[in-house]
Amino acid sequence: MKDNKVLGSEEWCRFEELGIPAIKARVDSGAKTSSIQANKIKIFTKGLEDWVRFEVNPLQDNRSISILCQAKLVDVRSVKSSQGISEERPVIKTPVKIGGTVFEIELTLANRDTMEYRMLLGREALNGRYLVDPSKSFNQGVISDDDLSHKYRPYQSDKTGLSIGLLASNPELYSNKRIIEAGEMRGHKVVFLNVENVYMKLDATSPEIRYRGGNILDKFDAVIPRIKPSVTFYGCALLRQFDTLGVYCLNSADSISKSRDKLFASQLFSKHDIHIPITGFAKSPMDTKDLIRMVNGAPLIIKLLESTQGKGVVLAETNKAAESVINAFKSVQTNILVQEFIKEANGQDIRCFVVNGKVVASMQRQAQKGEFRANIHQGGAASLIKITSEERKLAIKSAKVLNLDVAGVDIIRSNRGPLLLEVNSSPGLEGIENTTGMDIANVMIETIERKLKYVQ
């Protein structure tokens, strides 16, 4: 067979009817049907026929280039993903050009954001046309970075800024105002979305997110979640829906859920060799005495499993007081953690603000006299601090374990070295920006730009 009938393990494909000048495909004879990355999929009627409209981000890890496509709907088919999960996918038929050869293939439309390639070329497209030599790449022609940039230049020229949604509850909060201000200063459109006014349509072929009044939210490039604890469940459901529609979320639903479950988070930290104060958890009041002994006795800290800003955290100064408080919580079926009290910290802790795997700012917080909680919301005073390399590594690793792009990591200094207190997935900006003078809101917007490969 001639060389022009042999494909490598990856090839460039062109779809003139869809307006896609080049997309890199993985050649996979193990897959029956070919598939292309698609989001914002919408089936509609054109004349008497069903058509499908969708957007393609043809370049991997670059959502700033988006091509709106439409084609006649051939079928809606149940396809098993690489994870073994069956999904209902729209199917279209369109001409593809590989090298100098043009032929028609069927394509299923699927969200391939987590995959290495934006397209998969299956055996139905290969049968009778090509052999595959997996030791080679781009056997039908190479496209250089310069050529690729030239092909996609028309799609970049009309992009004036990103469209970013801020998913939160109170537009008047300092942090939310600063994020909107920073985004607009960098030329982006930032829209405040009240969590409780957003709702969704779950459908395999045309999922949607809508805002009160019926407005369809289908134009966002990214969403910044600032979800308060009382709406964690609903807020995370919305984030999963945005992700389904191909919208980048600065902190995923899974990451936020893990951070809000203090028990699960503590188990993950222990599993990954991240040192925390000795922590205990038990169901039955029969185990209370041993639970107290397990964390070295009073004084000790009692925490609600879901608490932020120092709320739901109690210091029990004697074993008897600890036993009373623990059993009182258990009597009303409230889940709590019991944690050793680090006396040598003297009411101080360190807040490290981690963005995209880097500590961008840090401050020390000092509790008020007579108070053990150093949180700013509990009256704690903040000051500049130079953290150690060990503390920096601890902060970065802690955020990474939860897979958080943005995190407030709280650390306490003990006689056995720095210990992780907790990781906050919606850390406030006011205290740390005012203390350090850092423009953290701007850093968050820059992170979105990098993730989407957006160039001003």
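This text walks through one chain, from its overall build to one helix, its salt bridges and a surface patch.

The model is predicted. The chain holds 11 helices and 27 strands. Its C-alpha trace spans about 80 × 50 × 45 Å along the principal axes. Of the 456 residues, 51% count as buried. The accessible surface comes to about 22,000 Å². Carbon and sulfur atoms account for 49% of that surface. Contacts reach far along the sequence: among those with a separation of 6 or more, 64% join residues 24 or more positions apart.

Start with helix α9, residues 389-401. Its 13 residues, at 1.5 Å a residue, should span 18 Å. The end C-alpha atoms are 18 Å apart, so the expected and modelled spans agree. Now look at which residues are covered. Glu391, Leu394, Ala395, Ser398, Ala399 and Val401 are buried in α9. Viewed down the helix axis, these buried residues fall within an arc of 160 degrees, so they line one face of α9. The spacing fits a general rule. An α-helix has 3.6 residues a turn, so residues three or four places apart point the same way. Ser389, Lys393 and Lys400 are exposed on the other side of α9.

What covers the buried residues of α9? The cover includes a helix, α6 (262-271), and the strands β23 (348-355), β24 (358-366), β26 (406-414) and β27 (417-424). Just after α9 comes asparagine 403, which takes a positive phi of about 60 degrees.

Turn next to the charged side chains. The whole structure contains 23 salt bridges. One of them joins lysine 72 to glutamate 49, with the closest N and O atoms 3.1 Å apart. This pair links distant parts of the chain. Lysine 72 sits in strand β7 (residues 67-80), while glutamate 49 sits in strand β6 (residues 49-56). The two are 23 residues apart. Both ends have some access to the surface. Lysine 72 has a relative accessible area of 42%, so it is partly exposed. Glutamate 49 is at 34%, so it is partly exposed too.

A second salt bridge pairs arginine 77 with aspartate 75, at 3.3 Å from N to O. Arginine 77, at 24% relative accessibility, counts as partly exposed. Aspartate 75 counts as partly exposed at 31%.

Helix α3 (residues 174-185) offers another case. Here arginine 178 bridges to glutamate 181, and the closest N and O atoms are 2.5 Å apart. The two residues lie 3 positions apart in α3, about one turn of the helix. Are these partners buried or partly exposed? Buried means under 20% relative accessible area. Arginine 178 is at 12%, so it counts as buried. Glutamate 181 is at 43%, so it counts as partly exposed. The pair does not stand alone. Arg178 and Glu181 belong to a network of salt bridges with Glu433 and Asp439.

Finish at the surface. Tyr199, Phe233 and Tyr234 make a nonpolar patch of about 340 Å². Tyrosine 234 lies in helix α4, residues 232-244. How accessible is tyrosine 234? Its relative accessibility is 31%, so it counts as partly exposed. Patch residues need over 30% relative accessible area, and tyrosine 234 has 31%.

How values were computed:
Residues are numbered from 1 along each chain as its sequence is written. This is a predicted model: local features need pLDDT of at least 70, side-chain atom pairs count only at pLDDT 80 or more; totals for chains, interfaces and linings use all residues. Side-chain values use heavy atoms; hydrogens and water are left out. Patches are made of residues with over 30% relative accessible area and no salt bridge: like charges are joined within 9 Å, nonpolar side chains (Val, Leu, Ile, Met, Phe, Trp, Tyr) within 5 Å. Accessible areas come from the Shrake-Rupley method with a 1.4 Å probe; for residues, only the protein chains shown count as cover. A salt bridge is a side-chain nitrogen of Lys or Arg within 4 Å of a carboxyl oxygen of Asp or Glu. Helices (H or I, at least four residues) and strands (E, at least two) are DSSP runs, numbered from the N terminus. Buried means under 20% relative accessible area, exposed over 50%, partly exposed in between (1.4 Å probe, protein chains only). The expected span of a helix is 1.5 Å times one less than its number of residues. The arc is that of the directions from the helix axis to the C-beta atoms. Contact means heavy atoms within 4.5 Å.
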